[in-house]
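User: I would like a close look at one part of this protein, with the surroundings explained step by step. Please keep the wording plain.

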Amino acid sequence: MVNNCLLKTVRFVDTKQWNVKHFFATSIISRYPTESIGKHTVHITEKTKLFNEPEKEHKILGISNEKGMFDAYVELGKNINQAYIYVENGCLAYNPYRINVGSIGLKTDLQKNEYISPAYVVFKCKDTLLPEFLYLVLKSTVFNSIIRENTTGSVRQTLSYDNLAVINIPVPSIETQKQLLMTYHSALKEAERIKEEAEKLDVSISDKLCVLLGITLPESNTKTKKGLHFLDFSECEKWSVDYLLNKDSCDFIETTKYPIVRAQYFIQECQYGLSDKATKEKVGIPVLRMNNLQKSNIDTSDLKYLPANTKGMERYLLNQGDLLFNRTNSKELVGKTAVFSLKGKYVFASYLIRVVINQDITDVNYINYLFASKIIRCQIDLFSRQILGQANINVDELKALKFPLPSLSEQKKIVSLLKEIEQKSKQYLKRSKELEELAKLEFEEAVFGETQEIRN
């Protein structure tokens, strides 16, 4: 537990930073030996000049408080103007300005990208400390309070590697660390099982939609064509080899029992978003970006803001029922959509398109479900163009997408049925997250002790 005794004698040689608050923050009592992080880690500072390979695509990592370390994007060396740090499996990295809100990550086999911005602090563990054990300790509630008290700076607080290195943590034997991790993963199993059930329900929404529309899905949407092929010029909607070879992979849509229309039939307006640079400072009006569109819904956990007096802001204010379309992203994510239904003022960024639907003939939620389905996904995959690791769909291509269109009353019935499935999936996800938090709490209690005095 955290040591909060009122009188403490400290040898001068043990004082790395002359700060009473810092000393108590780094002083931890545990059933296990406590030692400084720096004794068991190595700071990685060597950098690679990616710009020396200007035409090579370099895979860049990112870190967020929600995802941890993740594959962020791919960029040509000529567009990178500083040296980056190579991150091998087992390395940890954190944002020194945001570690107090959990912005730290661990590189595992799940991340395929290799380099990270020098703005991040990167380090690895010695043989005496398991990377995942350290990662869970650093993400714990107890340690988060310690991190907050060790950040420096009156305006923008930071935690350098040197300050991190002198903080003490419990360091059990490697065998004990392995046992603690085994217990933790065992506790996570039920959470993972429930999460899988939620994911199955998400997939079933697309399948259910096809059934309701009378569409027969093929065993595979990919058809391999060999040899020489001829087609009339009048059949060429898009002059692209990949499109022409695979355009009939979406023919299954024609099996629907309802009329098929182009999106331009029910779209009243399309508008590209703002390109002004937004900031994390919570002042002004929040800007919805492509990462805020998650699973056909709007996620406001990571927002940026623009000053309320930004020129032309009024033209980009979102209205209830607007459909947001992600025009640029990775191949599998371009075309994400969500219906705006939030209270208050919001605007949208340039990689999004505001689509205004004629709701006299279409239910915007029905269109939103279709965008996430195999019916529209197969068309987006055909139309999207890959540029430097990013795919893109423009307004004309968006308007050319084909939609099965029942009557408005039938659309609403379909939406009602799909919402029931979606709600059940959300309940499963909520329970899964609760079990994940319980597993973390039990790990924390096993490492630090059952009773912790957490400072607010």
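Which residues of the largest nonpolar core touch the most other members?

Analyst: The model is predicted, and what follows describes that model. The largest nonpolar core has 46 residues, and those that touch the most other members are Leu213, Tyr366, Phe371, Ile375 and Phe403. Two or more residues of this core come from each of these elements: helix H5 (174–212), strand S17 (323–326), strand S21 (352–357), helix H7 (364–371), helix H8 (374–383), helix H9 (395–399) and H10. In soluble globular proteins, nonpolar side chains tend to be buried together.

Leu213 is a convenient place to begin. With its neighbours within four places in sequence left aside, Leu213 is in contact with Thr256, Lys257, Tyr258, Tyr366, Leu370, Ile375, Pro404, Pro406 and Ile414. Two residues in that list, Tyr366 and Ile375, were named above among those that touch the most other core members. Another core lies apart from this one; it has 37 residues, including Leu129, Val137, Ile147 and Leu164.

Ile375 leads on to helix H8, where it is one of the buried residues. The others are Ile376, Arg377, Cys378, Gln379, Ile380, Leu382 and Phe383. Because eight of the 10 residues of H8 are buried, this helix is largely enclosed by the rest of the structure.

Helix H10, which also gives residues to the largest core, spans residues 408–448 and includes Ser425. Ser425 counts as buried because its relative accessibility is 2%, and the cut-off for buried is under 20%. Beyond the neighbours within four places in sequence, Ser425 is in contact with Ala198, Leu201 and Asp202.

H10 also meets helix H2. The axes of H2 and H10 come within 10 Å and cross at roughly 100°; the two helices are therefore roughly perpendicular to each other. On the H2 side the meeting residues are Phe133, Leu136 and Val137, and on the H10 side they are Phe443, Val447 and Phe448. The residues of this contact divide into six nonpolar, no polar and no charged. Val137 was named above as a member of the core of 37 residues.

H2 in turn leads to a sheet. Four strands form this open sheet in the order S2-S9-S6-S7, with antiparallel pairing. Strand S2 (41–44) and strand S7 (104–106) stand at the edges with a single partner strand each, so one side of each has no neighbour in the sheet. Direction ignored, neighbouring strands are turned by 25° against each other on average. Helix H2 (residues 131–138) packs on the sheet and touches S2, strand S6 (92–94), S7 and S9, and its direction makes about 160° with that of S7. Within the sheet, S2 pairs with strand S9 (residues 121–125) in the antiparallel sense over four bridges. Ile44 stands opposite Val122 in S9.

A further strand, S13 (residues 285–288), is covered on both faces: Ile285 and Val287 on one side are buried, and so are Pro286 and Leu288 on the other. S13 runs antiparallel to strand S16 (residues 304–306), to which three bridges join it, and Ile285 stands opposite Leu306 in S16. With strand S20 (residues 347–348), S13 pairs in the parallel sense over two bridges. There the bridge partner of Leu288 is Phe348.

Notes: Residues numbered from 1 in each chain as written. Predicted model: local features only at pLDDT ≥ 70, side-chain atom pairs only at ≥ 80, totals over all residues. Heavy atoms only, no water. Buried < 20%, exposed > 50% of the residue type's maximum accessible area, 1.4 Å probe, protein only. Contact = heavy atoms within 4.5 Å. Pairing = 2+ DSSP bridges. Axes fitted to C-alpha atoms, helices over the stretch in contact; angles between N-to-C directions. Core = buried A, V, L, I, M, F, W, Y, C linked by side-chain atoms within 4.5 Å. Parallel < 35°, antiparallel > 145°, perpendicular 65-115°, else oblique. Nonpolar A, V, L, I, M, F, W, Y, C, P; charged D, E, K, R; others polar.
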